Amino acid sequence: MSSALIGFDQLAGTAKKKQAARAQKWAQVRPHAALLYVENRCHLKCDHCYESEQSHPKEHSLSLDDYRRILDELAALGVIQLTFSGGEIFLRRDMLELIAEARQRRFSVELFTTGTHIDEKKADRLAALQVSKVEVTLYSHLAETHDGFTRIPGSHARTVRALRLLRERGVRTALKANLMTFNVDHIDGLITLAEEVGADWSFDPTVKPKMDGNRDPLKYALSPREIRQKVLSRPDLYSAFRRFQPGELCDGTASIVQKEGVMCGAARSHLAIAADGSVLGCGFFATAAGNVKDAPLADIWFGSAQLDAVRDMTFDKMSTCSSCEVKSSCGPCMAYSDIEDGDIDGCSSSSRQLAEAAHELAALKVKKNAAMDRGKALTLVGDTTFEPPAPKGRLDTEP
Ligand code: SF4
Ligand code: SF4
């Protein structure tokens with residue numbers, strides 16, 4: 001009996017020492033940005049949405065009072081930039097009050113919304129609250145395509161109206177879209193529309209599984225060839241060839257994250273809090289590190305072994321990556337490995353989708369540049385007299 005107790009005490013002591021060492025190692029790592037999912041419900045029915053029935057419950061569970069406390073805790077932790085996302089955030093009746101609470105605490109605030117609930121009155125209020133940016137999702141410049149996908153007639157018109165109303169009031173806006181099989185040829189139409197309404201734009205050429213691992217949305221995914229030909233080959237969309245020589249992106253020696261030093265900012269520079277209070281390394285992790293309803297945020301941030309595992313991850317520790325043939329064009333995503341494999345160290349299909357396309361394109365450029373060196377073709381990259389125009393938007397997912 002007594003020896004069992006001693007053993008337990010020793011174990012507890014060891015665990016405490018480990019915890020203290022861990023806390024010390026990450027004591028200086030504090031987030032500056034947080035994504036808050038404040039509403040699970042959405043009135044649009046986009047088929048590819050990463051939310052699932054489980055992550056789309058009918059009610060949100062955090063009240064305005066809960067958020068007052070959470071905002072204070074985020075500020076104490078060092079967060080200065082907040083993004084409110086959903087579901088559709090304006091299905092919360094107290095959304096404007098919540099934004100006002102955040103602005104009172106001097107957070108910079110961005111909103112992700114469908115925009116369909118933003119009328120003149122709301123646009124006036126958002127301008128008065130000085131939100132730093134409102135990003136809306138629009139799948140096409142064509143109303144019938146967008147409304148067909150959201151399954152809500154008139155949603156395109158209302159979203160575009162929101163972009164115009166906000167811009168007229170000086171609020172910075174952005175239009176963003178996943179590029180999928182049915183809208184990849186609408187890129188130019190979307191950019192023209194964005195420029196007409198004074199919005200920034202960004203595209204994500206990958207489609208993700210749902211948060212519960214359901215892979216149905218992948219039926220809309222572009223093939224690596226389509227990503228290469230229709231997206232990555234456009235210098236106005238894809239900037240990796242400004243940062244890397246084509247040879248570096250296909251020589252198989254090191255991944256993008258090895259060249260740039262860190263996997264990403266998950267659980268380091270940013271965190272996310274789901275509408276049920278779950279704390280996540282970033283907005284796409286499926287597994288919670290704790291819940292702000294049960295423990296102070298700082299205790300979760302500094303005490304979670306799960307967040308430490310994300311912080312500690314390096315490319316070399318990923319289980320399948322070191323021998324991967326397209327690793328030199330890949331920036332693996334731990335969150336999607338988590339969703340797809342239930343672990344953060346496997347290969348995710350969205351990482352692979354982009355990596356294969358970038359790898360193919362880099363290899364083609366290397367081949368063409370070699371032909372140019374032999375006097376058989378014009379150079380595509382490395383011509384010092386040609387500077388492609390700087391992109392006015394961005395790809396969300398770049399290696
Ligand atoms: S494609 Fe998959 S296995 Fe290859 S480097 Fe990227 S994440 Fe790793
Ligand atoms: S790369 Fe993946 S894990 Fe990292 S922040 Fe982005 S979505 Fe999250």
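Which residue takes a positive phi just after helix 6? It is Gly 170, with a phi of about 85°. The model is predicted, and helix 6 is a good place to enter it.

Helix 6 covers residues 155–168, 14 residues in total. From first C-alpha to last it reaches 20 Å. That is close to the 20 Å expected at 1.5 Å a residue. Its buried residues begin with Ser 155 and His 156. Thr 159, Val 160, Ala 162 and Leu 163 are buried as well. Leu 165 and Leu 166 complete the list. What do these buried residues pack against? Two helices take part: helix 4 (120–128) and helix 5 (143–150). Two strands do too: strand 4 (133–137) and strand 5 (173–178).

Now step back to the whole chain. The protein chain holds 14 helices and 10 strands. It has 399 residues, and 41% of them are buried. Take the contacts with a separation of 6 or more: 72% of them join residues 24 or more positions apart.

Asp 212 gives one example of distant parts of the chain coming together. Asp 212 sits in the loop between strand 6 (200–204) and helix 8 (224–232). Its C-alpha atom is 6.8 Å from that of Ile 339, a residue 127 positions away along the chain. Asp 212 counts as partly exposed because it has 13 C-beta neighbours inside 10 Å.

Finish at ligand 2. Cys 264, Gly 265 and Ala 266 are among the residues around ligand 2, as are Cys 282 and Phe 284. Cys 333, Met 334 and Ala 335 also surround ligand 2. Seven residues of this shell are nonpolar, one is polar and none is charged.

How values were computed:
Residues are numbered from 1 along each chain as its sequence is written. Chains are lettered from A and ligands numbered from 1 in the order in which they are written. This is a predicted model: local features need pLDDT of at least 70, side-chain atom pairs count only at pLDDT 80 or more; totals for chains, interfaces and linings use all residues. A residue is near a molecule or strand if its C-beta atom, placed from the backbone, lies within 6 Å of it. Ala, Val, Leu, Ile, Met, Phe, Trp, Tyr, Cys and Pro count as nonpolar, Asp, Glu, Lys and Arg as charged, and the others, Gly among them, as polar. Helices (H or I, at least four residues) and strands (E, at least two) are DSSP runs, numbered from the N terminus. A residue is buried if 20 or more other C-beta atoms lie within 10 Å of its own, exposed if 12 or fewer, and partly exposed in between; C-beta atoms are placed from the backbone. Two residues are in contact if their C-beta atoms, placed from the backbone, lie within 7 Å. The expected span of a helix is 1.5 Å times one less than its number of residues.
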